[in-house]
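Thanks for coming. I will take a few minutes to walk through one structure, so please have a look at it first.

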Amino acid sequence: MDITNRDIKLIRSLANLFDEIDLNGNGVLEWEEFTNYIIEKATVLNNVKTKLDEIKVYTKSQMKLEKKT
């Protein structure tokens, strides 16, 4: 069996994802574990998007302050 490095990385990533979703660690991915994972990730991504929307954008002003002497 000829497995490329890319395939090995993909298999490792999928195994890690499975372990992350399988909260009770029983080796079986239950619907509740899967849906909770999806909802949690969507919530996190939504919060990140909201935070990015809150970031203020500052630009250099054309005004120059004069020093008082």
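Where is Trp 31 found? Trp 31 is found in helix H2. Before I say more about that residue, a word on the whole. This is a predicted model. The protein chain has two helices and zero strands. Of its 69 residues, 6% are buried. The accessible surface of the chain is about 7200 Å², and carbon and sulfur atoms account for 58% of that.

Back to Trp 31. Is Trp 31 buried or exposed? The cut-off for exposed is over 50% relative accessible area. Trp 31 has a relative accessibility of 65%, so Trp 31 counts as exposed.

Trp 31 also has an aromatic partner. The count of aromatic pairs in this model is one. That pair is Trp 31 with Phe 34, and its geometry is tilted, with 5.7 Å from centre to centre and 40° between the planes. Both residues sit in helix H2, three residues apart, or about one turn of the helix. Phe 34 is partly exposed, at a relative accessible area of 33%.

Next, the surface around them. Which residues form the nonpolar patch? They are Phe 18, Leu 29, Trp 31, Phe 34 and Ile 38, and together they have about 490 Å² of accessible area. Helix H2 supplies the largest share of this patch, three residues. So both members of the aromatic pair, Trp 31 and Phe 34, belong to the patch as well.

Now to the charges. In general, side chains of opposite charge can pair when their charged atoms come close. How many salt bridges are there? The count is one. Glu 20 forms a salt bridge with Lys 41, and their closest N and O atoms are 3.4 Å apart. This links distant parts of the chain, with Glu 20 in helix H1 and Lys 41 in helix H2, 21 residues apart. Glu 20 is partly exposed, with a relative accessible area of 41%. Lys 41 counts as partly exposed too, because its relative accessibility is 31% and the partly exposed range lies between 20% and 50%.

Last, Asp 22. Where does this residue sit? Asp 22 is in the loop between helix H1, residues 5–21, and helix H2, residues 31–54. Asp 22 is buried, yet has no salt bridge. The nearest side chain of opposite charge is Lys 41, and it is 15 Å away. A salt bridge needs a distance within 4 Å, so a separation like that does not qualify. What is Asp 22 in contact with, leaving aside its neighbours within four places in sequence? The contacts are Gly 27, Val 28, Leu 29 and Glu 33. One of these, Leu 29, is also part of the nonpolar patch.

That is what I have for today.

Terms used: Residues are numbered from 1 along each chain as its sequence is written. This is a predicted model: local features need pLDDT of at least 70, side-chain atom pairs count only at pLDDT 80 or more; totals for chains, interfaces and linings use all residues. Side-chain values use heavy atoms; hydrogens and water are left out. Helices (H or I, at least four residues) and strands (E, at least two) are DSSP runs, numbered from the N terminus. Buried means under 20% relative accessible area, exposed over 50%, partly exposed in between (1.4 Å probe, protein chains only). Lys and Arg count as positive and Asp and Glu as negative; His and the chain ends are not counted. Contact means heavy atoms within 4.5 Å. Patches are made of residues with over 30% relative accessible area and no salt bridge: like charges are joined within 9 Å, nonpolar side chains (Val, Leu, Ile, Met, Phe, Trp, Tyr) within 5 Å. Accessible areas come from the Shrake-Rupley method with a 1.4 Å probe; for residues, only the protein chains shown count as cover. Rings of Phe, Tyr and Trp (its six-membered ring) pair if their centres lie within 6.5 Å; planes under 30 degrees apart count as stacked, over 60 as edge-to-face and the rest as tilted.
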